[in-house]
Amino acid sequence: MNQQKNTKQGILVKMNIVLLGSPGVGKGTYAKRISGIYGIPQISTGDMFREAIKNKTEIGLKAKEYIDKGELVPDDVTIGIVEERLKKDDCKNGFMLDGFPRTIAQAEALDKIVVIDKVLDFTASEKIIIDRLSGRRICKSCGAIYHIRNIIPKVKGVCDKCGGEVYQRNDDKPEAVKKRLDVYTKQTAPLIGYYKEKKLLADIGADKPIEQVDEIIADVRKALEE
Ligand code: AMP
């Protein structure tokens, strides 16, 4: 087991973490909080692809075709960028993968690179998921997450944190959302069984509204520190 003393909290925790859960369940929001509490990096493949698209890199141009349609970027491209990212120094004391793995092939490749200590599976009803996805807005510069009804920037269209442009992702529009949920059910949901079998899975109910995010984070801490 890759257990380490977390000096920030003085608590024994399991540090190589995977976050599972449907698009729109709130993984990015929880990941930012957990990352702050434990001092480990949030590694979001979606954010990495969006950054690559913004910078018009070769990977970005390739990924964009798939992302805009709500499809998965091919495994070889995705596994390659995660493998490179995990070699960085800031992953030494642990990391949190947000949006990877998304296929059994990615999970198997990950098992060859590192030991995973805990998988948090966030669940919410379909109604809540669709509301979160269709109302979500994000900052083009820093990735901060907003929502048209309950996380509204102080100035319309402007990020509170960095002043960047707040926009709706192409893949949060209705057609792509439908496709992404379908892709999740077919390709990513089987990972629940994969990690359950390895006895790494912890279920975290995420139906609560954003005002109660502290309660969800408390459940996460319980699962990680037990
Ligand atoms: P996310 O921000 O995690 O919802 O990811 C946005 C999009 O990036 C997904 O709908 C996929 O097209 C692509 N993507 C992110 N992570 C992966 C992954 N692990 N495998 C394949 N495609 C991914």
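Tyr184, Thr185, Lys186, Gln187 and Thr188 in helix H7 meet Pro190, Leu191 and Ile192 in helix H8. Sorted by class, this contact between H7 and H8 has 4 nonpolar, 3 polar and 1 charged residues. H7 covers residues 174-188 and H8 covers residues 190-197; their axes come within 5 Å and cross at roughly 35°. Keep in mind that you're looking at a predicted model.

There's another helix pair to look at. Helix H2 (residues 45-54) and helix H4 (residues 75-86) have axes that come within 11 Å and cross at roughly 100°. That angle is why H2 counts as roughly perpendicular to H4. On the H2 side, the residues that meet H4 are Thr45, Met48 and Phe49. They face Val77, Thr78, Ile81, Val82 and Arg85 in H4. By class, you'll find 5 nonpolar, 2 polar and 1 charged residues in the contact of H2 with H4.

Now for the sheets. Strands of a sheet pair through backbone hydrogen bonds, and the pairing can be parallel or antiparallel. One open sheet here has 5 strands with parallel pairing, in the order S4-S5-S3-S6-S10. Which strands stand at its edges? They are S4 (42-44) and S10 (201-205); each has a single partner strand, so one side of each has no neighbour in the sheet. From one strand to the next, the twist averages 25°.

Inside that sheet, S3 (residues 16-21) and S5 (residues 95-98) pair in the parallel sense over 4 bridges. Val18 stands opposite Leu97 in S5. Helix H1 (residues 27-38) packs on the sheet, where it touches S3, S4, S5 and strand S6 (118-123). The direction of H1 makes about 175° with that of S5. H2 packs on the sheet as well, touching S4 and S5, and its direction makes about 60° with that of S4.

The other sheet to look at is an open one of 3 strands in the order S8-S7-S9, and its pairing is antiparallel. S8 (145-147) and S9 (166-167) are at the edges with a single partner strand each, so one side of each is left without a neighbour in the sheet. Strand S7 (residues 136-139) runs antiparallel to S8, and 3 bridges join them. As for facing residues, Arg136 stands opposite His147 in S8.

Next up is the ligand. How many residues surround it? There are 16, and the closest are Thr45, Arg50, Glu71, Gly99 and Gln106. Here are some side-chain contacts with the ligand, each between a polar side-chain atom and a ligand atom:

| Residue | Ligand atom | Distance |
|---|---|---|
| Arg50 | oxygen | 3.0 Å |
| Arg102 | nitrogen | 3.0 Å |
| Arg180 | oxygen | 3.2 Å |

Two spots in the backbone are worth a look too. Phe100 and Pro101 are joined by a cis peptide bond, with omega at about -5°. Pro101 sits in the loop between S5 and helix H5 (104-113). The other spot is Lys56, which has a positive phi of about 50° although it is not a glycine. You'll find Lys56 in the loop between H2 and helix H3 (58-69).

Terms used
Residues are numbered from 1 along each chain as its sequence is written. This is a predicted model: local features need pLDDT of at least 70, side-chain atom pairs count only at pLDDT 80 or more; totals for chains, interfaces and linings use all residues. Side-chain values use heavy atoms; hydrogens and water are left out. Axes are lines fitted to C-alpha atoms, for helices over the stretch in contact, and angles run from 0 to 180 degrees between N-to-C directions. Helices (H or I, at least four residues) and strands (E, at least two) are DSSP runs, numbered from the N terminus. Angles under 35 degrees count as roughly parallel, over 145 as roughly antiparallel, 65 to 115 as roughly perpendicular and the rest as oblique. Contact means heavy atoms within 4.5 Å. Ala, Val, Leu, Ile, Met, Phe, Trp, Tyr, Cys and Pro count as nonpolar, Asp, Glu, Lys and Arg as charged, and the others, Gly among them, as polar. Two strands pair if DSSP finds at least two bridges between them. A residue is near a molecule or strand if one of its heavy atoms lies within 4 Å of it. A polar contact is a pair of N or O atoms within 3.5 Å; within protein, one must be able to donate a hydrogen and the other to accept it, and residues adjacent in sequence count only if both atoms are side-chain atoms.
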